[in-house]
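Got the model open in your viewer? Here's a tour, one selection at a time.

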Amino acid sequence: GTKLGYIGDYELLSEVARGGMGVVYKARQSSLKRIVAVKMIRSGELAGDAEVKRFRAEAEAAANLQHPNIVAIHEIGEHDGRHYFSMDFVEGKNLAQLSAGQPVPAKQAAEWLKAIAEAVQFAHQRGVLHRDLKPQNILVDAEGRPHVTDFGLAKNLHADGGVTQTGAVMGSPSYMAPEQAHARNDLVGPASDVYSLGAVLYELLTGRAPFRGETPLETLDRK
């Protein structure tokens, strides 16, 4: 296939995901000869020095979370003015792809959620909130173990009350606690992540997200 080029020590092999925050690539780290994931933050997401500092601080906090159900961050860097971080590469699918709008057997859903909840509690005990828990951010490996990714990174990208130019609120409306949906960032805490875990469990059991409107703003109104 076509080579996507290098970012620092990483040879980009293929694009594996694309989201609001950036693009994730499967990559080979040349010096250590290992496969990793590299997430490039979309240019323009981190505008000023203060945002870059916040992003790096949060990524460093997340990098200190060593837990079997949390995707470990290895390195935080910059390439041509774009920030990136490298992390474990999890071979598998996310919960959104696995459920694909269909209910998951209750026992399976409960097992996944127990492991995810324990990982989230581990992070909370170390002062790190996730703030954007959703099926897309939970990867299930070949052995069926779930891994939570993107810890704490959502809050830093839109710290100005959570509204981007398009009027979208930070996070993913279907899974957001009411205090997040209303951009009451002063009230966001561990309970907000617990709310999102409940919304993820609801979707696994029913095949659809709670409060899904036709548009993100409609979804928010249903809170």
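Start by selecting Arg-145, which is in the loop between strand 8 and strand 9. Helices (H or I, at least four residues) and strands (E, at least two) are DSSP runs, numbered from the N terminus. Arg-145 counts as partly exposed, at 44% relative accessibility. On that scale, buried means under 20% relative accessible area, exposed over 50%, and partly exposed in between (1.4 Å probe, protein chains only). Leaving aside neighbours within four places in sequence, Arg-145 is in contact with Leu-139 and Val-140, where contact means heavy atoms within 4.5 Å. Draw a distance from its C-alpha to that of Glu-111: 34 residues apart along the chain, the two are separated by 9.2 Å.

A quick word on ground rules before moving on. This is a predicted model, so local features need pLDDT of at least 70 and side-chain atom pairs count only at pLDDT 80 or more, while totals for chains, interfaces and linings use all residues. Residues are numbered from 1 along each chain as its sequence is written, and side-chain values use heavy atoms, with hydrogens and water left out.

**Zoom out**

Show the whole thing as a cartoon and you have seven helices and nine strands. Of the 223 residues in the protein, 48% are buried. Take the contacts with a separation of 6 or more: 55% of them are between residues 24 or more positions apart. Switch on the surface and about 11100 Å² is exposed, with carbon and sulfur atoms supplying 52% of it; these areas come from the Shrake-Rupley method with a 1.4 Å probe, and for residues only the protein chains shown count as cover.

**Into the core**

Next, select Phe-85, Leu-95, Ile-116 and Phe-151. Of the 39 residues in the largest nonpolar core, these four touch the most other members. A nonpolar core here is a set of buried Ala, Val, Leu, Ile, Met, Phe, Trp, Tyr and Cys residues joined through side-chain atoms within 4.5 Å. Elements giving two or more residues to this core include strand 4 (34-41), helix 1 (49-63), strand 5 (73-79) and strand 6 (82-88). Colour helix 3 (106-125) too, since you'll want to see the top contributor: helix 3 gives the most, with eight residues. There is also a second, separate core of ten residues, with Ile-7, Tyr-10, Tyr-25 and Ala-27 among them.

Stay with Phe-151 for a moment. Not counting residues up to four places away in sequence, Phe-151 touches Ala-62, Leu-65, Ile-70, Ala-119, Val-120, Ala-123, Val-128, Leu-129 and His-130.

**Look for empty space**

How many cavities of 30 Å³ or more are there? The count comes to one. On a 1 Å grid over the protein atoms alone, a cavity is a set of points where a 1.4 Å probe fits but cannot get out, and lining residues have an atom within 4 Å of a point. The volume of the largest cavity is about 50 Å³, taken as the space filled by probe spheres set on grid points that are joined across faces, edges and corners. To see the lining, select Ala-62, Ile-70, Val-71, Ile-73, Phe-85, Met-87, Val-148, Thr-149, Asp-150, Phe-151 and Leu-153. By class, that lining has nine nonpolar, one polar and one charged residues. For the classes, Ala, Val, Leu, Ile, Met, Phe, Trp, Tyr, Cys and Pro count as nonpolar, Asp, Glu, Lys and Arg as charged, and the others, Gly among them, as polar.

**Two aspartates**

Asp-150, one of the lining residues, is worth a backbone check. Most residues other than glycine have a negative phi. Asp-150 has a positive phi of about 60 degrees and lies in the loop between strand 9 (146-148) and helix 4 (154-157). Now jump to Asp-80, in the loop between strand 5 and strand 6; Asp-80 has a positive phi of about 50 degrees. Which one is buried and which exposed? Asp-150 counts as buried, at 14% relative accessibility, whereas Asp-80 counts as exposed, at 73%.

**Last stop**

Select Pro-103, in the loop between helix 2 (95-99) and helix 3. Pro-103 is partly exposed, with a relative accessible area of 47%. Pro-103 and Gly-207 are 104 residues apart in sequence and 4.2 Å apart in space, C-alpha to C-alpha. Beyond neighbours within four places in sequence, Pro-103 is in contact with Leu-204, Leu-205, Thr-206 and Gly-207.

Finish on Tyr-202, in helix 6, which is partly exposed at 38% relative accessibility. Its C-alpha is separated from that of Pro-103 by 9.3 Å.

Notes: 1 Å grid on protein atoms, 1.4 Å probe; cavity = no way out; pocket = protein on both sides within 12 Å on 5 of 7 lines; lining within 4 Å.
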